[in-house]
Amino acid sequence: MAANPALLDRTVEEFRRTLTEIGGQPSSADDAEVLGRRAAMVVLAGGAWERALGELLTSAEARVLLGGISREALRKRVLSGSVLALRDDADLIRYPRWQFDAANGVPFGVIRQLNEIFGEAGLDPWTLAAFATAPQPELDDRTPVDAFADADLEPLLLAARRTVADLAR
């Protein structure tokens, strides 16, 4: 896709204005280059993860989906492992939409088991999310997300254990 010069100019101008407002002026050409590259990567990284993982909900959106529960109730679900939370570089917590049953908004029960498998191996929630959205041979090349509602979850759990073992090597 070809770049639109007018949109790039507008982006650069807004970046310049924001830096001026917050006092983030670079002190050298090298600092300016590093700052510009880092800003572009931070902005684009969120979109790349969202394309890879699907829709990521805010805390407010997840609470509404769960029937209007409180922040504390959502936090308890995260701590218990029944809800997967992803903390990004901006320290925002996002919740993959796919962990909630589309029919009733309730988290799939297997989320807790997956959190345990990955957590016991010392792997972070982002690794679990990447696993959940990647085709697995044990699932006939379906993604774990596609298998969350299966009657037999053993192939899914086998895929999770195999992935964790592979990552430990």
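User: Leaving aside its neighbours within four places in sequence, which residues is Leu114 in contact with?

Analyst: Happy to start there, with the note that this is a predicted model. Leu114 is one of the residues with the most contacts inside the largest nonpolar core. Once neighbours within four places in sequence are set aside, its contacts are Leu128, Phe131, Phe148, Leu157 and Ala160.

User: How many residues does that largest nonpolar core have, and which helices each supply at least two of them?

Analyst: The core has 24 residues, and Trp98, Leu114 and Phe148 are those with the most contacts inside it. As background, nonpolar side chains in soluble globular proteins tend to be buried together. The helices that each supply at least two residues of this core are H5, H6 and H8.

User: Which residues are among those of the other core, and how many residues does it have?

Analyst: A second core lies apart from the largest one. Its members include Ala62, Leu66, Ile69 and Val83. Its residue count is 9.

User: What is the overall order of helices and strands along the chain?

Analyst: The chain has 8 helices and 3 strands. Reading from the N terminus on, the order of elements is α-α-β-α-α-β-β-α-α-α-α.

User: What share of the residues is buried, and what share of the accessible surface belongs to carbon and sulfur atoms?

Analyst: Of the 169 residues in the chain, 27% are buried. The accessible surface comes to about 10800 Å². The share of that surface belonging to carbon and sulfur atoms is 57%.

User: How much of the contact count comes from residues 24 or more positions apart?

Analyst: Here the contacts considered are those with a separation of 6 or more. Among them, the share from residues 24 or more positions apart is 53%.

User: Why do the buried residues of helix H8 line one face?

Analyst: H8 covers residues 154-168 and reaches 21 Å from its first C-alpha to its last, close to the 21 Å expected for its 15 residues. Its buried residues are Leu156, Leu157, Ala159, Ala160, Thr163 and Val164. Looking down the helix axis, they line one face because they fall within an arc of 155°.

User: Which helices are included in what covers those buried residues of H8?

Analyst: Leu157 and Ala160, both buried in H8, are also contacts of Leu114. The cover of the buried H8 residues includes helix H5 (110-120), helix H6 (125-132) and helix H7 (144-147).

User: Is Thr163 buried or exposed, and at what relative accessibility?

Analyst: Thr163 lies in helix H8. Leaving aside neighbours within four places in sequence, Thr163 is in contact with Phe118, Phe131 and Gln136. The cut-off for buried is under 20% relative accessible area, so Thr163 counts as buried at 12%.

User: How many aromatic pairs are there, and what is the angle between the planes of Trp98 and Phe148?

Analyst: A search of the whole structure finds 3 aromatic pairs. Trp98 and Phe148 form one that is tilted, at 5.9 Å centre to centre. Trp98 sits in the loop between strand E3 (93-96) and H5, while Phe148 sits in the loop between H7 and H8, 50 residues apart. Both are buried, and the angle between their planes is 55°.

User: Why is the pair of Phe118 and Phe131 tilted?

Analyst: Phe118 is in helix H5 and Phe131 in helix H6, 13 residues apart. Phe118 and Phe131 are both buried. Their ring centres are 5.2 Å apart and their planes meet at 45°, so the pair is tilted.

User: Which residues form one aromatic cluster with Trp98?

Analyst: Trp98 was described above as pairing with Phe148. The cluster joins Trp98 with Phe108 and Phe148.

User: What is the phi of Asp140, and is Asp140 buried or exposed?

Analyst: Most residues other than glycine have a negative phi. Asp140, in the loop between H6 and H7, has a positive phi near 55°. At 70% relative accessibility, Asp140 counts as exposed.

User: Where is Asp91, and what is its phi?

Analyst: Asp91 is placed in the loop between strand E2 (86-87) and E3. Although Asp91 is not a glycine, its phi is positive, at about 70°.

Note on methods. Residues numbered from 1 in each chain as written. Predicted model: local features only at pLDDT ≥ 70, side-chain atom pairs only at ≥ 80, totals over all residues. Heavy atoms only, no water. Helix = DSSP H or I, 4+ residues; strand = E, 2+ residues; numbered from the N terminus. Expected span 1.5 Å × (residues − 1). Buried < 20%, exposed > 50% of the residue type's maximum accessible area, 1.4 Å probe, protein only. Arc of directions from axis to C-beta. Contact = heavy atoms within 4.5 Å. Areas by Shrake-Rupley, 256 points an atom, 1.4 Å probe, with all protein chains shown as cover. Core = buried A, V, L, I, M, F, W, Y, C linked by side-chain atoms within 4.5 Å. Phe/Tyr/Trp six-rings, centres within 6.5 Å; stacked < 30°, edge-to-face > 60°.
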